[in-house]
Amino acid sequence: TEKLLGEISLLTSDEEFIPEPISLARRIQDPMAELVKVEPCHLGVGMYQLDIKKKQLQDALSEVVSECVSFVGVDLNTASMCLLRRIAGLTENKAVQIIDYRERCGAFTHRKELLKVYGIGERVFEQCAGFLRIGPTDPSYNKFYDNKLTTPLDATIIHPESYPLVRSLIGELGLKEKQIGSEYFIRCFKAKSQGYDIQKLAEKYKSDKETMHLIFDALNKSLSHDFRTEMSRTPLFKKDITSLENLKINSVLTGRVKNVTSFGAFVDIGVGKNGLIHESNMKGLNLHLGDVLEVRVNKLDVVKGHINLVVLNKCS
């Protein structure tokens with residue numbers, strides 16, 4: 001990745017500014033932050049998207065994008081307007097107001113400071129606060145949490161309404177709030193919380209089981225943890241198969257479902273052309289967009305660019 005980014009930087013060193021290499025480099029560094037700039041209707045979601053009413057499609061896709069961005073979470077002090085406007089509870093106008101506040105008043109130091117932004121009241125804060133994280137922009141800056149208003153909890157997925165519960169819980173375990181996210185805290189929390197009954201804890205703190213699971217999950221991870229790092233890094237496509245000419249009958253490959261139709265599913269196997277799994281070759285599997293499959297090449301016509309596949313296994 002670093003080598004590729006270096007090659008991309010050479011493409012932008014000329015006097016003429018070329019935006020494409022910059023966009024490519026940003027997609028490598030943080031795909032979500034760059035792709036979120038693209039309107040959902042332009043992402044290409046299947047051959048039948050034109051059969052759906054434009055507003056209905058736009059609303060449905062926008063909701064999915066918002067869920068994805070909110071689920072991952074963003075840094076309140078560095079997120080772009082394109083990212084912020086996709087956070088649950090925020091709009092484009094509110095995102096602009098947040099950025100304007102950052103430019104006028106400097107970086108946010110705690111989540112509650114959001115309430116000082118024009119147009120953000122208690123209701124909006126309640127919706128968006130858990131998806132916006134705040135921490136030192138420079139990880140080596142150790143004095144960030146010396147300010148009594150700052151807390152490591154703001155760099156977790158825990159919502160501010162649960163902070164009193166968390167403080168009571170870690171106090172009961174003999175741990176300190178300022179240590180949250182450190183290796184020492186994580187090690188001690190795991191050791192001391194073993195054997196806890198989540199349901200009984202939820203009843204004790206007048207909360208619910210789901211919230212307690214979320215809190216335990218957050219306290220077991222480093223600050224600003226990105227769950228995407230937990231995803232498999234195994235390459236999806238085979239390195240030596242990059243074009244139709246590399247394919248052979250009975251070749252076994254992995255691919256991702258790109259479109260599902262009434263007669264089958266189209267799968268990207270990394271050769272520039274999607275292969276078709278006819279419904280008769282699905283082995284009764286119910287396939288969805290994004291599913292990762294192991295497939296076998298059943299028929300191949302290089303001239304016409306036709307690839308017929310058979311499902312072997314569903315990997316995800």
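Select strand E3 (residues 252-260) and strand E6 (residues 292-301) in this predicted model. The two strands pair in the antiparallel sense, over 5 bridges. To find one of the contacts, pick Thr254: its bridge partner in E6 is Glu294.

Keep E6 selected and add strand E7 (residues 306-314). E6 and E7 run antiparallel and are joined by 8 bridges. Here, pick Leu300 and look across to E7, where its bridge partner is Ile307.

Next, follow the chain from E6 into E7. The two strands form a hairpin, with 4 residues between them. Select Gly305 in the turn: this residue has a positive phi of about 75°. While the strands are on screen, a general point helps with viewing the side chains: in a regular strand they alternate between the two faces of the sheet.

Now leave the strands and turn to the second largest pocket. To centre the view there, select Phe71, Gly130, Ile157, Ile158 and Leu214, which lie nearest the centre of the pocket among its 29 lining residues. The elements that give two or more residues to this lining are helix H4 (54-72), helix H7 (122-128) and helix H11 (209-219). Colour H11 separately, as this helix supplies the largest share, 5 residues. The space in the pocket comes to about 620 Å³.

Then colour by domain. Domain 1 (17-133) and domain 2 (152-231) each contribute at least three residues to the lining of the second largest pocket.

Finally, colour the lining of this pocket by residue class. It consists of 11 nonpolar, 11 polar and 7 charged residues.

Technical notes:
Residues are numbered from 1 along each chain as its sequence is written. This is a predicted model: local features need pLDDT of at least 70, side-chain atom pairs count only at pLDDT 80 or more; totals for chains, interfaces and linings use all residues. Side-chain values use heavy atoms; hydrogens and water are left out. On a 1 Å grid over the protein atoms alone, a cavity is a set of points where a 1.4 Å probe fits but cannot get out, and a pocket is an open set with protein on both sides within 12 Å along at least five of seven lines; lining residues have an atom within 4 Å of a point. Grid points are joined across faces, edges and corners, and a volume is the space filled by probe spheres set on the points. Ala, Val, Leu, Ile, Met, Phe, Trp, Tyr, Cys and Pro count as nonpolar, Asp, Glu, Lys and Arg as charged, and the others, Gly among them, as polar. Domain bounds come from an automatic or database domain assignment. Two strands pair if DSSP finds at least two bridges between them.
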